[in-house]
Amino acid sequence: MGTGFLRSFGAAMTTFAASSAPMDPAAWARELLQAQLIGRLFANKVHDLALKGGLALRAAYGSQRSTKDIDLDAGETMTPAHLRTHVRRAIRQATASGILKDPVITEPKQTDTVGRWKIVGREPTTGASVHLTVEVSFRDRIAAEDVTRLPYGSTDAAPSFITVYTARA
């Protein structure tokens, strides 16, 4: 991956937070929620999801671009029913961590081609509103040659892995 590669998404966020202007509490809460969700989505050794978009750039290449959503593609073996169960569980677990107060989760779009979840809550210390969208597409199926698995998580324990698109994809 080259010298820009960061070992984990959590490390990327820590580096970003330490090296840039102070982040407002709502943005920080959203980043923590994103990290929790990504960790939980890939924790069950799910290999049939690929992270894409701004969050993938951040996790894989250390981009300082901030994003308000999590975009994923589902692979051939991931059915919409299995995906819904998996994402609902990950959202439930991540929001139970206390990152947000009074989280409300909606599912505004659930079709054979896309699943979309919206999470709205408040940052615990300031009460600022936090919004996050998770979207999984079934339109562009994952080709094995277009993705790579990267370590994700604490360097103190065995890492899990996330799947992201390669730079050439």
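These are my notebook entries on a predicted model of one chain, written as I looked things up.

**Entry 1: the overall layout**

I started with the chain as a whole. It has 169 residues, and 41% of them count as buried. I listed the secondary structure next and got 4 helices and 7 strands. Going along the sequence, I wrote the order down as α-α-β-α-β-α-β-β-β-β-β. I also looked up how far apart in sequence the contacting residues sit. Among contacts with a separation of 6 or more, 60% come from residues 24 or more positions apart.

**Entry 2: Asp 73**

I picked Asp 73 next and found it in strand β2, which covers residues 69–74. Is Asp 73 buried or exposed? Its relative accessible area is 3%, so I put it down as buried, the cut-off being under 20%.

Which side chains does the side chain of Asp 73 make polar contacts with? I noted Lys 52, at 2.7 Å. I also noted Tyr 165, at 2.6 Å.

Then I pulled the contact list for Asp 73, skipping residues up to four places away in sequence. Asp 48, Leu 49, Ala 50 and Lys 52 are on it, and so are Val 136, Ser 137, Asp 140, Ile 142 and Tyr 165. Both polar partners, Lys 52 and Tyr 165, turn up in that list.

**Entry 3: Tyr 165, from the other side**

I went over to the partner. Tyr 165 sits in strand β7, residues 160–165. Its relative accessibility is 19%, and the cut-off for buried is under 20%, so Tyr 165 counts as buried. Seen from here, the polar contact with the side chain of Asp 73 reads 2.6 Å.

What else does Tyr 165 touch, leaving out residues up to four places away in sequence? I wrote down Ala 50, Leu 51, Lys 52, Tyr 61, Asp 73, Asp 140, Ile 142, Asp 146 and Val 147. Ala 50, Lys 52, Asp 140 and Ile 142 are residues I had already noted as touching Asp 73, and they touch Tyr 165 too. One C-alpha distance went in as well: Tyr 165 to Ala 144 is 9.4 Å, with their positions 21 residues apart along the chain.

**Entry 4: helices α2 and α4**

How do helix α2 (residues 25–43) and helix α4 (residues 80–95) pack? I got an angle of about 135 degrees, with the axes 9 Å apart. That makes α2 and α4 oblique to each other, because angles count as roughly antiparallel only over 145 degrees. I noted the crossing of the two helices as right-handed.

For the contact surface, I listed Leu 33, Gln 36, Leu 37, Arg 40 and Leu 41 on the α2 side. On the α4 side I have His 86, Val 87, Ala 90, Ile 91, Gln 93, Ala 94 and Thr 95.

I took a closer look at Arg 40, which is in helix α2. It is partly exposed, with 28% relative accessible area. Beyond its neighbours within four places in sequence, Arg 40 is in contact with His 86, Ala 90, Gln 93 and Ala 94. The C-alpha atoms of Arg 40 and Ala 94 are 7.5 Å apart, though the two are 54 residues apart along the chain.

Ala 43 is also in α2. I have it as partly exposed, at 38% relative accessible area. Its C-alpha atom is 8.6 Å from that of Ile 162, which is 119 residues away along the chain.

**Entry 5: helix α3**

Which residues of helix α3 (residues 53–61) are buried? I noted Gly 54, Leu 55, Ala 56, Arg 58, Ala 59 and Ala 60. Gly 62 follows α3, and its phi is positive, near 75 degrees.

**Entry 6: the β3–β4 hairpin**

Last, I looked at strand β3 (residues 101–110) and strand β4 (residues 114–122). They pair in the antiparallel sense, over 6 bridges. The two strands form a hairpin, with 3 residues between them. To fix the register, I noted Val 104 opposite Val 120 in β4.

Asp 102 caught my eye in β3. Its phi is near 50 degrees, a positive value in a residue that isn't glycine. I flagged this because most residues other than glycine have a negative phi.

Terms used
Residues numbered from 1 in each chain as written. Predicted model: local features only at pLDDT ≥ 70, side-chain atom pairs only at ≥ 80, totals over all residues. Heavy atoms only, no water. Buried < 20%, exposed > 50% of the residue type's maximum accessible area, 1.4 Å probe, protein only. Polar contact = N/O pair within 3.5 Å; in protein donor to acceptor, adjacent residues only side chain to side chain. Contact = heavy atoms within 4.5 Å. Pairing = 2+ DSSP bridges. Axes fitted to C-alpha atoms, helices over the stretch in contact; angles between N-to-C directions. Parallel < 35°, antiparallel > 145°, perpendicular 65-115°, else oblique. Left-handed = near helix turned anticlockwise from the far one by under 90°.
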